[in-house]
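User: I'd like to learn how to read a few features of a fold. Can you walk me through them?

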Amino acid sequence: MRRHGAPAPLLVLAVATALAGCATTEVPEARSSDAAPATVTVFAAASLMHVFDTLAERFEATHPGVDVVLSSGGSGALAQQIVAGAPADVFASAAEAPMQTVVDAGLAEAPVVFATNTLELVVPAGNPAGVSGLDDLARVELRIALCDASVPCGAASVELLARQGVTAAPDTLEADVTSVLTKVVLGEVDAALVYRTDVIAAGGAVEGIDAPGAASVVNRYPIAVMADAASPDEAAEFVAFVAGVEGRAGLDAAGFGEP
């Protein structure tokens with residue numbers, strides 16, 4: 001079993017078919033036990049890293065001979081790597097815009113939204129700076145981390161802060177949500193905005209604080225098989241698995257909302 005391989009030498013950040021409402025999901029035929037070994041390379045948004053680790057292990061357990069390799073990072077960066085020729089079988093993005101970049105390049109068709117996510121204010125365990133709400137992100141004496149606006153968590157943060165009339169004073173803008181969360185866990189910043197799923201995944205290392213208006217700024221997560229996938233059948237099986245009953249259970253446990 002392999003995990004978190006780099007998408008390609010160019011990658012700078014290496015750290016279902018249908019499911020919509022009550023629509024019927026077409027599941028590919030089960031893989032034959034004597035089929036040749038196959039690798040499914042999955043490019044997934046950083047916020048999916050933990051849940052996809054779990055789902056990949058469960059998928060491999062029921063698909064002997066299939067090895068899932070996960071490569072995570074900012075969705076925009078991953079999309080650009082795919083367009084530049086990095087080999088991927090599946091792409092799962094934290095927003096629809098990066099996926100559209102891949103679709104427009106003719107490298108994916110019919111992506112399916114399989115999950116949603118919202119933002120939450122996060123502070124180190126114990127909340128040493130006494131942060132209480134979004135307004136504190138404007139306090140210049142605090143150390144603040146946000147995702148860069150070029151990635152989905154950053155774009156959502158910009159929208160949320162604008163809607164709430166908060167002019168944040170970030171000390172650092174990170175390339176993906178995992179990097180933001182890491183700074184909070186290490187106590188390098190006093191507060192940040194991440195996805196609620198990241199707060200759940202971090203457990204007692206951080207504390208989450210509800211962000212007013214966050215429920216109205218929703219990130220929709222699409223997934224698709226790449227047009228030039230090296231293992232297209234297995235890739236389709238993985239997408240169906242993520243968008244199916246077991247995938248949904250794992251996503252629910254991780255805090256992701258339904259499409």
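## Reading the features

User: Where do we start? Which strands pair with β5, and in what sense?

Analyst: Keep in mind that this is a predicted model. Strand β5 (residues 119-124) and strand β8 (residues 191-195) run antiparallel and share four bridges. For a register mark, take Glu 120, which sits opposite Val 194 in β8.

User: And what is the strand order of the open sheet that holds them?

Analyst: Reading across, the five strands come as β7-β6-β8-β5-β9, and the pairing is mixed. The edges are β7 (172-174) and β9 (206-209), each with pairing on one side only. On average, neighbouring strands are turned by 35° against each other, with direction ignored.

User: Which helices pack on this sheet?

Analyst: One is α4 (residues 152-163), which touches β5, β6 (144-147) and β8. The direction of α4 makes about 115° with that of β8. Another is α5 (residues 177-185), in touch with β5, β6, β7, β8 and β9. For α5, the angle to the direction of β8 is about 140°.

User: Let's turn to the backbone. What sign of phi should I expect?

Analyst: Most residues other than glycine have a negative phi. Ala 110 goes the other way, with a positive phi of about 50°. Asn 127 has a positive phi too, near 45°.

User: Where do Ala 110 and Asn 127 sit, and is each buried or exposed?

Analyst: Ala 110 lies in the loop between α3 (96-104) and β4 (112-117), and its relative accessibility of 64% makes it exposed. Asn 127 is in the loop between β5 and β6. With a relative accessible area of 17%, Asn 127 is buried, since the cut-off for buried is under 20%.

User: How many disulfides are there, and which cysteines form them?

Analyst: The idea is to look for two cysteine sulfur atoms within 2.5 Å. The count comes to one disulfide. Cys 147 and Cys 153 form it, with their sulfur atoms 1.9 Å apart. The angle about the S-S bond is -105°, and the link is left-handed.

User: Are those two cysteines buried or exposed?

Analyst: Cys 147 is buried at 3% relative accessibility, and Cys 153 is buried at 3% as well.

User: Now the aromatics. How do I describe a pair of rings?

Analyst: You use the distance of the centres and the angle of the planes. The structure holds seven aromatic pairs. One of them is Phe 59 with Phe 241, at 5.5 Å centre to centre and 70° between the planes, an edge-to-face pair.

User: Why does that pair tie together parts that are apart in sequence?

Analyst: Phe 59 belongs to helix α1 (residues 49-62) and Phe 241 to helix α7 (residues 232-242), so the pair links parts 182 residues apart in sequence. Phe 59 is buried, at 0% relative accessible area, and Phe 241 is buried at 11%.

User: What about Tyr 195 and Tyr 221?

Analyst: Their ring centres are 6.2 Å apart with planes at 65°, so this pair is edge-to-face. Tyr 195 is in strand β8 and Tyr 221 in strand β10 (residues 219-225), so the pair ties together parts 26 residues apart in sequence. Tyr 195 is buried at 2% relative accessibility, and Tyr 221 is buried at 0%.

User: Which residues form the aromatic cluster?

Analyst: One cluster takes in Phe 52, Phe 59, Phe 114, Tyr 195, Tyr 221, Phe 238, Phe 241 and Phe 256. Both pairs we just read have their rings in that list.

Methods: Residues numbered from 1 in each chain as written. Predicted model: local features only at pLDDT ≥ 70, side-chain atom pairs only at ≥ 80, totals over all residues. Heavy atoms only, no water. Pairing = 2+ DSSP bridges. Helix = DSSP H or I, 4+ residues; strand = E, 2+ residues; numbered from the N terminus. Axes fitted to C-alpha atoms, helices over the stretch in contact; angles between N-to-C directions. Contact = heavy atoms within 4.5 Å. Buried < 20%, exposed > 50% of the residue type's maximum accessible area, 1.4 Å probe, protein only. Phe/Tyr/Trp six-rings, centres within 6.5 Å; stacked < 30°, edge-to-face > 60°.
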